[in-house]
Amino acid sequence: MNEKLAEKLVAWQIKHHYLSSEEKRLYQYAYELLIGQAVNLLIAGLLAVLFHAYVTVAVFLLAFIPLRSYAGGHHADSSNVCTIISALMICLVCVLSGSVPEDTALPLGMVTAVVSGVPVFLLAPVADQKKPLDEEEKRRYGRRSRVIWGLETVVWTACCCRRMYSICFAVLYAHLSAAILLCAGVVKNKRKQE
């Protein structure tokens, strides 16, 4: 669906001389990404309304998107599968945020820091077949993903000390999600090499 809409948008813009036809594939790819992100954000917003978890979803996305952008990891084979996985992930975050007792924020956070920090520091960035990385990108993205993880962990610590638990749990879930996708990306890459 995203591909067809992107194709129509680019064709219309080329026809009206807003874009050049030489870069058609690049424009289509950019539109596909933009449409996919917009759909995912719209679904996240709808789920936030449905679960009455506005702060949780907003903080989760604010923590997850930058870390995921630089750390990389598993990418779905199609935009539809990506959208479904993203929606399920947001649903899980919303359900967990309402069911985990607040007094577990500190011990859960410490465990999560180790569980998410190890993959970020040892594996990031994890390239994908669709997103290969050269050596300079690997160094730069690895450094940025570690800095982002560290800053978000500082935010988590401050929020935990101030008993802002919805923010604490949202950051924890973002870090766990990113770590899981990093590990899944490594497994996927190893399987493709075999």
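**Exercise 1. State in which helix Gln13 is placed, and work out whether Gln13 counts as buried or exposed.**

Step 1. Gln13 has its place in helix α1, which covers residues 2–15; helices here are DSSP runs of H or I with at least four residues, strands are runs of E with at least two, and both are numbered from the N terminus. The model is a predicted one, in which local features need pLDDT of at least 70 and side-chain atom pairs count only at pLDDT 80 or more, while totals for chains, interfaces and linings use all residues. Residues are numbered from 1 along each chain as its sequence is written, and side-chain values use heavy atoms, with hydrogens and water left out.

Step 2. Because its relative accessibility is 17%, Gln13 counts as buried; the term means under 20% relative accessible area, with exposed meaning over 50% and partly exposed lying in between, for a 1.4 Å probe and protein chains only.

Step 3. When residues up to four places away in sequence are not counted, Gln13 touches Tyr18, Leu19 and Tyr31, a contact being heavy atoms within 4.5 Å.

**Exercise 2. Describe how the protein chain is built from helices and strands, and how much of it is buried.**

Step 1. The protein chain holds 7 helices and 0 strands, so that the pattern read along the sequence is α-α-α-α-α-α-α.

Step 2. Of its 194 residues, 39% count as buried, and the C-alpha atoms fill a box of roughly 60 × 40 × 30 Å along the principal axes.

Step 3. Among the contacts in the protein chain with a separation of 6 or more, 76% are accounted for by residues 24 or more positions apart.

**Exercise 3. Analyse helix α4: find its span, its buried residues and what covers them.**

Step 1. Helix α4 (residues 79–99) has 21 residues and reaches 30 Å from its first C-alpha to its last, close to the 30 Å expected at 1.5 Å a residue; the expected span is 1.5 Å times one less than the number of residues.

Step 2. The buried residues of α4 are Thr83, Ser86, Ala87, Met89, Ile90, Val93 and Cys94. They lie on the same side of α4 because they cover an arc of only 160° around the axis, where the arc is that of the directions from the helix axis to the C-beta atoms.

Step 3. On the face of α4 turned away from this buried side are the exposed residues Ile84, Leu88 and Leu92, whereas the cover of the buried residues includes α2 (24–51), α3 (54–71) and α7 (165–193).

**Exercise 4. Place Phe64 in its helix and identify the residues that Phe64 touches.**

Step 1. Phe64 is in helix α3 and counts as buried, because its relative accessibility is 8%.

Step 2. Leaving out residues up to four places away in sequence, Phe64 touches Met89, Ala174, Ser177, Ala178 and Leu181; Met89 is also one of the buried residues of α4.

Step 3. Phe64 and Leu176, although 112 residues apart in sequence, have C-alpha atoms 9.3 Å apart in space.

**Exercise 5. Examine Arg144 and the helix α6 that carries this residue.**

Step 1. Arg144 belongs to helix α6 (residues 135–161) and is partly exposed, with a relative accessible area of 37%.

Step 2. With its 27 residues, α6 reaches 39 Å from first to last C-alpha, close to the 39 Å expected at 1.5 Å a residue.

Step 3. Buried residues of α6 include Tyr141, Gly142, Trp149 and Trp156, and what covers the buried residues of this helix includes α3, α5 (105–122) and α7.
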